[in-house]
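Visitor: Could you take me through one part of this model slowly, setting it within the chain as a whole? I would like a close look at a single loop residue and at the strand pairing elsewhere in the fold.

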Amino acid sequence: VAPRTVGNPVFKIYQMAWVGLDWLYPPLCGGCQEPGSRWCETCQALTERIPDTICQICGVVLLNNGICPYCDQLRPPYQSLRAWAKYSDRIRNAIHRLKYAGDIALAEILARQLIQLVQKQAWQIDIVTAVPLGVSRMKQRGFNQSALLAFPLALGIGKPFRSKAISRVRETKSQVGLTASERIDNVKDAFQAKKEIVAQKRVLLVDDVITTGSTMIACTNALLQADALEVYCIALARPMNTNVLN
Ligand SMILES: [Zn+2]
Ligand SMILES: [Zn+2]
């Protein structure tokens, strides 16, 4: 996995520090537990990418590039949403390790995929932030897996990471197992953004996994209410069990 060289010297030092640590403490792969690297070549090769024929707005897979019927009918509040890979075993293992072990070395290597994905888009971005955890979950875990990805991503694209741009104003249930409309209700008005951080800014919003996109939509609405100019969304993975739309 040859990371694209990025001009930012802070980012280079950050990456070199991790290479040094890998040498001192040889890691296990976050996808398959094989020793030797944080994310091995096999996991990289076997992780299915989201194809290039997608809805230009929500990123859902289409037969041809265009706008999907959902976005055509009701445009999401964000400008566009992209994910790197299909949510499958190896990436699920890796995200699990980010979430429950706070593996920042693994986050750094996975964030390289997001850096490349952002660099392929014609997005104008001023600041980077992450979907926040609730206060109690944050206390339990001590870190936010989306912020672990957002920080090296921000370094890589040379934009400031603003971890406190959005907060959860009420606790929400886990989205797992909820239907699409239950998910929308579950996160509606659950977020608030800080005007002093986001006003007049174009924001890149980072999450680990997106399913229906309801959390991204709720966070985008919070950002826009706080006078953000535009919001772009990016995630490491999304399930592709839904049919390809024509
Ligand atoms: Zn592996
Ligand atoms: Zn769409």
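Guide: Helices and strands here are DSSP runs, helices being H or I over at least four residues and strands E over at least two, numbered from the N terminus. In these terms, L133 lies in the loop that runs between strand β2 (127-130) and helix α6 (135-141); the model in which it is placed is a predicted one. Although L133 belongs to a loop, it counts as buried because its relative accessibility is 14%, and the cut-off for that class is under 20%. Leaving aside residues up to four places away in sequence, the contacts of L133 are with M138, R141, F143, N144, Q145 and R168. A further relation across the sequence can be given as a distance: L133 and I166 are 33 residues apart along the chain, and 9.7 Å separates their C-alpha atoms.

From the loop we can turn to the strands, taking β6 as the point of reference. Strand β6 covers residues 230-238, and eight of its nine residues are buried, so the rest of the structure largely encloses this strand. Strand β1 (residues 80-86) pairs with β6 in the parallel sense, over six bridges, and within β6 it is A237 that stands opposite A85. Strand β5 (residues 202-209) also pairs with β6 in the parallel sense, here over seven bridges, with C233 of β6 serving as the bridge partner of L205.

The setting for both regions is a protein chain with 10 helices and six strands. For its 246 residues, a compact globule would be expected to have a radius of gyration near 18 Å, and the 17 Å of the protein chain agrees with that expectation. Taken along the principal axes, the box filled by the C-alpha atoms is roughly 50 × 40 × 35 Å. Of the 246 residues, 50% count as buried, while the area that the protein chain exposes comes to about 12500 Å², with carbon and sulfur atoms supplying 53% of it. When contacts between residues at least 6 apart in sequence are considered, 72% of them join residues at least 24 apart. As for charge, the protein chain has 29 positive and 19 negative charges, and the mean positions of the two sets are 3 Å apart.

Technical notes:
Residues numbered from 1 in each chain as written. Chains lettered and ligands numbered in written order. Predicted model: local features only at pLDDT ≥ 70, side-chain atom pairs only at ≥ 80, totals over all residues. Heavy atoms only, no water. Rg over C-alpha atoms; globule rule 2.2 N^0.38 Å. Buried < 20%, exposed > 50% of the residue type's maximum accessible area, 1.4 Å probe, protein only. Contact = heavy atoms within 4.5 Å. Areas by Shrake-Rupley, 256 points an atom, 1.4 Å probe, with all protein chains shown as cover. Lys, Arg positive; Asp, Glu negative; His and termini not counted. Charge placed at Lys NZ, Arg CZ, Asp CG, Glu CD. Pairing = 2+ DSSP bridges.
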